Amino acid sequence: MAKPPLSTEELVHTFGPTAHRTPPGGWQNVGEPDKLVATHCCFCGQQCGINLKVKDNKVIGFEPREDFPFNRGKLCPKGIKRYMQNEHPDRLLSPMKRTDKGFVNVSWDEALGKTVSEIKRIQQTHGKHAFAMLSGVSLSNEKSYLVGKFARVALQTRNLDYNGRLCMVSAGAGNKKAFGIDRAANYWDDIPLADVILVTGANVAECAPITTDYIWRARDRGAKLIMIDPRVTPLARTADLHIPVRPGGDTALMNGILHVVIERGWIDRDFIENYTTGFEDLRNAVAKYTPEVAGEMAGVDPALIVRAAEMWGPAKTSFLLHARGIEHHTQGVENVLSCINLVLATGRIGRPGCGYGTITGQGNGQGGREHGHKCDQLPGNRDIENPEHRKYIAEVWKIAEEEMPHKGLTAQEIIEAMHAGEIRGLLSLCFNPVVSLPDATFTKEAFSRLEHYSVIDFFLSETARHADIVLPGSLHEEDEGTSTSAEGRIIRLRKAVDAPGMARTDWEILLDIAGRLGRGQYFPYKCPEDIFNELRVASKGGTADYFGVTYDKIEKQQGVFWPCPSLDHPGTPRLFEDKKFFTPDKKAHFNTVEWKPPAEVPDAEYPIVLTTGRVVSQYLSGTQTRRIGGLLDQYPEPLCEIHPTLAERLGIRPKDWVTVETRRGSVTLQSNVVKTIREDTVFIPYHWADEKSANLLTIRALDPVSKIPEYKACACRVRKATV
Ligand SMILES: Nc1nc2c(c(=O)[nH]1)N[C@H]1C(S)=C(S)[C@@H](COP(=O)(O)OP(=O)(O)OC[C@H]3O[C@@H](n4cnc5c(=O)[nH]c(N)nc54)[C@H](O)[C@@H]3O)O[C@H]1N2
Ligand SMILES: Nc1nc2c(c(=O)[nH]1)N[C@H]1C(S)=C(S)[C@@H](COP(=O)(O)OP(=O)(O)OC[C@H]3O[C@@H](n4cnc5c(=O)[nH]c(N)nc54)[C@H](O)[C@@H]3O)O[C@H]1N2
Ligand code: SF4
Ligand SMILES: [Mo]
């Protein structure tokens, strides 16, 4: 039977009259703290150091943490306000079950008993894999590792995947293909040493705010900055060169730049010959990407392509950074490879000031993609289909290798299987797919069709409204653990307070479920450090090797960069210094990539390109940041960025209400008429839910390799709204 999300009235019944709107509040900073706890921000992959002020087991404020080398006291607006969640009135304090009158509080025993009886019922009737798990990488390394093991050993399902599937997987697949390892090649201290910095598909100032400081330190030394983005983002306003690529044009653009670099003889022949493979194929392929041809494909002036090559080509040191702007595409992996090709052709990697990196997204976007959280992966970034890898991890987990499930479905494919009735039950934590997956109407239908859904969260997310059982989990500051930042630096998250009310730490909830499933003997942990110590052994010998990392070492060194294969190893801030790569032949691989248009391109009916992304004051699906008044004040509602020329043609004035329509749905919101966007493209941030959700519009088209959705390009039409 279809189960719709709970309505406003039902939520009011559960929570009282404030529940249906997002309260502007949060906890107010009052009184002197009892203690300061040195930890890190719970939001983005920069993982800034922060001191939490604690009084009477409550987080009452923060202090900048000057001692942490990455951010040295700097924070962005989200970091400053993050402490307001712990005492928030919406905080889930008790397990709940769905009734015909809304959610009612129940005991842990009842909530977990129901979850486990439904897992058993569904698996006995429809097979083990009919019960799936979805998770996320705001979780610590310990929890990411635990989730991977829990799904395979306790649930015994192959269908586990994570929200990094919407985020880091194109970069991961590209990095593994080219370098054999999935991590930024350098720590950020190399950025200020670069003479030219190329940033593509990354709104650095709003989404990786502290990285701005590293780029500006390079600028202070006279470095040149190239920004590639359909919008003139805040950092692009200070760039030497901005290339307003048409969404989806990146492979053509990068091939065009490489074409000119080769033609002018700016390649590093010695490096290419001795340390790489595949250059001749690539050279032949990019021969046709003249600036004119590439410019036409990418929708930019060919002169800009030549200019970029002239800045990048002859430089002595350089750094290339990218993020989701090039990765959220059906050609996401190839876009990444086109960037790596340029870096390799000029041989500027593995040396001071010479580097490359994808900027990770979520707090533990790096670590969370190494420990077996993905449907095809085992800890240490091992392959779940590789017999040796399976054998090694089965031994660590003390199960027979035959018991280890094989590769399962990716996140979007799990939703499709729920929609098709093949997956009938779900346990999720740390993921809000109803807001964050493309084509939200379809996602909601899929959730309505589940026979059973249990969710672990600390706020009632829009997805949790579909749940049968809600389990109150823990915030960042309520647990110990580690996380791995964009630089590949493993850091310590410290517990500041206990989880309030009946809420429990996420890992304790999973252990309880494992015990009730009769699999408790495989999860004998007393604390997160026990889990970490098993993770170290499980990762040993894998590319993401954490064996030499201990809690103590992290404290002493202000973080440890992996790979760190032994206890006396200091960690690896800069990869490839010995010009040895992690591929079987130890060489870096060029990959020939040809440009293809996005899955849906503008036509007479839907003539405009829609692209989506973020604003500085909101975070992801907004479950957390839409509850923090000070952040909401900065950007309360989603706006549609539109160029004045396009706006005028459509009869739209600043702040007019406009309706944006695609083949999936429509959204009505206010216009934000700005000259900083291409004339053929509109941009909508995606942090809002329900009728304001940008994902009502986006398309369910996936990269064939990484299975990332094409959030950054689809076709739309825009009209003035009829109010
Ligand atoms: N404030 C804030 N910070 C965040 C987050 C957040 O939600 N809010 N989320 C974190 C997470 S999980 C992530 S993944 C990162 C994301 O960080 P970013 O990837 O930097 O952010 P986005 O806004 O998704 O997209 C970046 C840029 O890509 C551009 N773009 C769109 N289409 C194309 C294209 O085809 N080619 C190119 N070259 N550019 C294009 C957009 O105009 C946009 O400016 O941010 C992290 N930090
Ligand atoms: N249109 C469009 N859509 C996008 C994107 C885009 O650019 N455009 N970006 C995509 C990207 S890059 C990403 S990363 C995804 C993110 O999408 P999601 O992962 O769905 O977004 P979050 O808001 O992080 O959802 C996490 C949920 O987990 C909860 N949570 C956070 N920390 C914890 C924890 O420690 N324990 C537990 N139990 N729960 C926790 C939060 O309260 C929230 O409800 O969105 C994607 N969706
Ligand atoms: S959101 Fe990111 S940049 Fe902002 S304070 Fe937190 S970790 Fe730092
Ligand atoms: Mo992300």
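Colleague: What makes the pair formed by a backbone N or O atom of Val616 and a nitrogen atom of ligand 1 a polar contact?

Modeller: In this predicted model, the two atoms lie 3.0 Å apart. The cut-off for a pair of N or O atoms is 3.5 Å, so this pair counts as a polar contact. The protein also buries 98% of the 900 Å² that ligand 1 exposes when taken alone.

Colleague: Which atom of Arg614 approaches ligand 1, and how do you know that it makes a polar contact?

Modeller: A polar side-chain atom of Arg614 lies 2.7 Å from an oxygen atom of ligand 1. That is within 3.5 Å, so the pair counts.

Colleague: Why do you place ligand 1 between two domains?

Modeller: Its shell takes residues from both domain 3 (169-358) and domain 4 (608-720), so ligand 1 lies between them.

Colleague: What makes Asn432 a polar contact partner of ligand 2?

Modeller: A backbone N or O atom of Asn432 is 2.7 Å from an oxygen atom of ligand 2. With the limit at 3.5 Å, the pair therefore qualifies.

Colleague: And how do you know that Tyr711 makes a polar contact with ligand 2?

Modeller: An N or O atom in the side chain of Tyr711 is 3.4 Å from a nitrogen atom of ligand 2. The limit is 3.5 Å, so this pair is counted too. Of the 920 Å² of accessible area that ligand 2 has on its own, the protein covers 98%.

Definitions and conventions: Residues are numbered from 1 along each chain as its sequence is written. Chains are lettered from A and ligands numbered from 1 in the order in which they are written. This is a predicted model: local features need pLDDT of at least 70, side-chain atom pairs count only at pLDDT 80 or more; totals for chains, interfaces and linings use all residues. Side-chain values use heavy atoms; hydrogens and water are left out. A polar contact is a pair of N or O atoms within 3.5 Å; within protein, one must be able to donate a hydrogen and the other to accept it, and residues adjacent in sequence count only if both atoms are side-chain atoms. Accessible areas come from the Shrake-Rupley method with a 1.4 Å probe; for residues, only the protein chains shown count as cover. Domain bounds come from an automatic or database domain assignment.
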